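Work through the following exercises with the sequence and the structure side by side, and try each task before you read its solution.

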Amino acid sequence: MVPVGAGELNSAVHTAIASGPDALIVWGGDGSVACALSASGPSGPPVLALPGGTMNLVHKRLHGEEMDWKKIMGIALRAPAPEPFSAGCVSEHMFFVAAMMGQMTALAESREAARHGQLLEAAQLAINSDALTLDRRLRLESVHASGNQTFDAVAAAVVIGGGSAPRLKVAAIHPQTTFDWMAIAVDALANGWRDADSIEIDETKTVLITDVDGIEFAATVDGETVTMPSGTIISLKRHAANVLRARPT
């Protein structure tokens with residue numbers, strides 16, 4: 001058992017994997033688990049993720065609504081059966097929850113303030129971030145064997161879907177007026193973007209995202225702020241790592 005301080009996680013994970021363990025157990029948040037999954041990959045030891053962060057979204061993908069780490073560990077190790085775990089790929093970078101593109105990514109600070117009950121501060125952050133502008137436009141092209149689907153949007157999200165046949169769930173967010181955008185922003189601050197109106201949903205294994213002006217655009221990948229070039233391709237990797245799950249008894 002290795003306690004890891006700030007800035008030591010990547011080195012500790014690689015050292016642990018190099019020792020040839022039967023499994024790698026990680027207690028931490030989404031970033032810590034993503035680091036372990038990326039390092040282990042499809043040929044490494046299975047990763048058992050125990051929730052110890054704020055959002056724990058990767059853990060929910062794995063274990064459903066069970067967030068008691070002791071119960072998860074007990075169930076998963078009672079009859080451990082490694083399973084493949086899917087991810088989204090942007091260039092060489094893998095993500096295990098979601099990538100968001102466009103101005104809605106500027107709402108990240110607002111959501112944190114709203115989550116802590118600071119509603120006035122959340123509203124001010126949203127206004128100051130220019131998250132409600134309609135000027136920037138993205139174009140999404142989902143690849144399908146029967147013919148590609150194209151969506152225009154102000155912002156977009158690509159989420160890893162679960163199930164036996166995982167897919168990328170693509171959400172094109174396309175408000176027509178500033179009032180629509182404000183309504184979506186309020187829904188996103190309170191409930192998450194997937195419950196908001198003015199959103200078209202598609203499922204695919206590959207999606208091409210371009211800016212209509214051909215310039216780079218803001219994005220977050222599993223919560224990490226990045227900049228993506230116009231023409232970014234996001235693809236599904238069905239076997240990105242091996243995991244252990246807490247199976248219902």
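**Exercise 1. List what Gly28 touches beyond four places in sequence, then place Gly28 in the fold and relate Gly28 to Asn56.**

Solution. Leaving out residues up to four places away in sequence, Gly28 touches Val33, Leu50, Pro51, Gly52, Gly53, Asn56 and His59. This is a predicted model, and in it Gly28 belongs to strand S1. The next step is to ask about exposure: since buried means under 20% relative accessible area, Gly28 counts as buried because its relative accessibility is 6%. Finally, take Asn56 from the list of contacts: Gly28 and Asn56 lie 28 residues apart in sequence, while their C-alpha atoms are 8.3 Å apart in space.

**Exercise 2. Find where Asn56 sits, decide whether Asn56 is buried or exposed, and name the backbone atom that its side chain reaches.**

Solution. Begin with the chain, where Asn56 is found in the loop between strand S2 (47-51) and H3. Its relative accessibility is 9%, and therefore Asn56 counts as buried. The side chain of Asn56 then reaches the backbone nitrogen of Gly52, at 3.5 Å. Setting aside residues up to four places away in sequence, Asn56 touches Gly28, Gly29, Asp30, Pro51 and Met67.

**Exercise 3. Do the same for His59: which element holds His59, and which backbone oxygen does its side chain reach?**

Solution. His59 is placed in helix H3, which covers residues 57-63. With a relative accessible area of 0%, His59 is buried. Its side chain reaches the backbone oxygen of Gly28 at 3.1 Å. Not counting residues up to four places away in sequence, the residues that His59 touches include Gly28, Gly29, Asp30, Val33, Leu50, Pro51 and Met67.

**Exercise 4. Describe the largest nonpolar core, and work out which element gives the most residues to this core.**

Solution. The largest nonpolar core has 24 residues, and those with the most contacts inside it are Leu24, Leu37, Val58, Phe85 and Phe96. Two or more residues come from each of H1, S1, helix H2 (30-40), S2, H3, strand S3 (83-90) and strand S14 (232-243). Among these elements, H2 gives the most, with five residues. To follow one member outward, take Val58, which, apart from neighbours within four places in sequence, is in contact with Asp30, Val33, Leu37, Phe85, Phe96 and Val97. A second, separate core has 22 residues, including Ala172, Phe217, Ala219 and Met228.

**Exercise 5. Say which residues of H2 are buried and what covers them.**

Solution. The buried residues in H2 are Asp30, Val33, Ala34, Cys35, Ala36, Leu37 and Ser40. As a reminder for reading such a list, an α-helix has 3.6 residues a turn, so residues three or four places apart point the same way. The cover over the buried residues of H2 includes H1, S1, S2, H3, S3 and S14. After H2 comes Gly41, which has a positive phi, near 65 degrees.

**Exercise 6. Characterise the second largest pocket by its volume and by the classes of residue in its lining.**

Solution. The volume of the second largest pocket is about 670 Å³. This pocket is lined by 22 residues, of which Val2, Val4, Ile25, Val26 and Trp27 are the closest to its centre. Helix H1 (9-18), strand S1 (24-28) and helix H4 (69-78) are the elements that give two or more residues to the lining. Sorted by class, the lining of this pocket has 17 nonpolar residues, five polar residues and no charged residues.

Definitions and conventions: Residues are numbered from 1 along each chain as its sequence is written. This is a predicted model: local features need pLDDT of at least 70, side-chain atom pairs count only at pLDDT 80 or more; totals for chains, interfaces and linings use all residues. Side-chain values use heavy atoms; hydrogens and water are left out. Helices (H or I, at least four residues) and strands (E, at least two) are DSSP runs, numbered from the N terminus. Buried means under 20% relative accessible area, exposed over 50%, partly exposed in between (1.4 Å probe, protein chains only). A polar contact is a pair of N or O atoms within 3.5 Å; within protein, one must be able to donate a hydrogen and the other to accept it, and residues adjacent in sequence count only if both atoms are side-chain atoms. Contact means heavy atoms within 4.5 Å. On a 1 Å grid over the protein atoms alone, a cavity is a set of points where a 1.4 Å probe fits but cannot get out, and a pocket is an open set with protein on both sides within 12 Å along at least five of seven lines; lining residues have an atom within 4 Å of a point. Grid points are joined across faces, edges and corners, and a volume is the space filled by probe spheres set on the points. Ala, Val, Leu, Ile, Met, Phe, Trp, Tyr, Cys and Pro count as nonpolar, Asp, Glu, Lys and Arg as charged, and the others, Gly among them, as polar. A nonpolar core is a set of buried Ala, Val, Leu, Ile, Met, Phe, Trp, Tyr and Cys residues joined through side-chain atoms within 4.5 Å.
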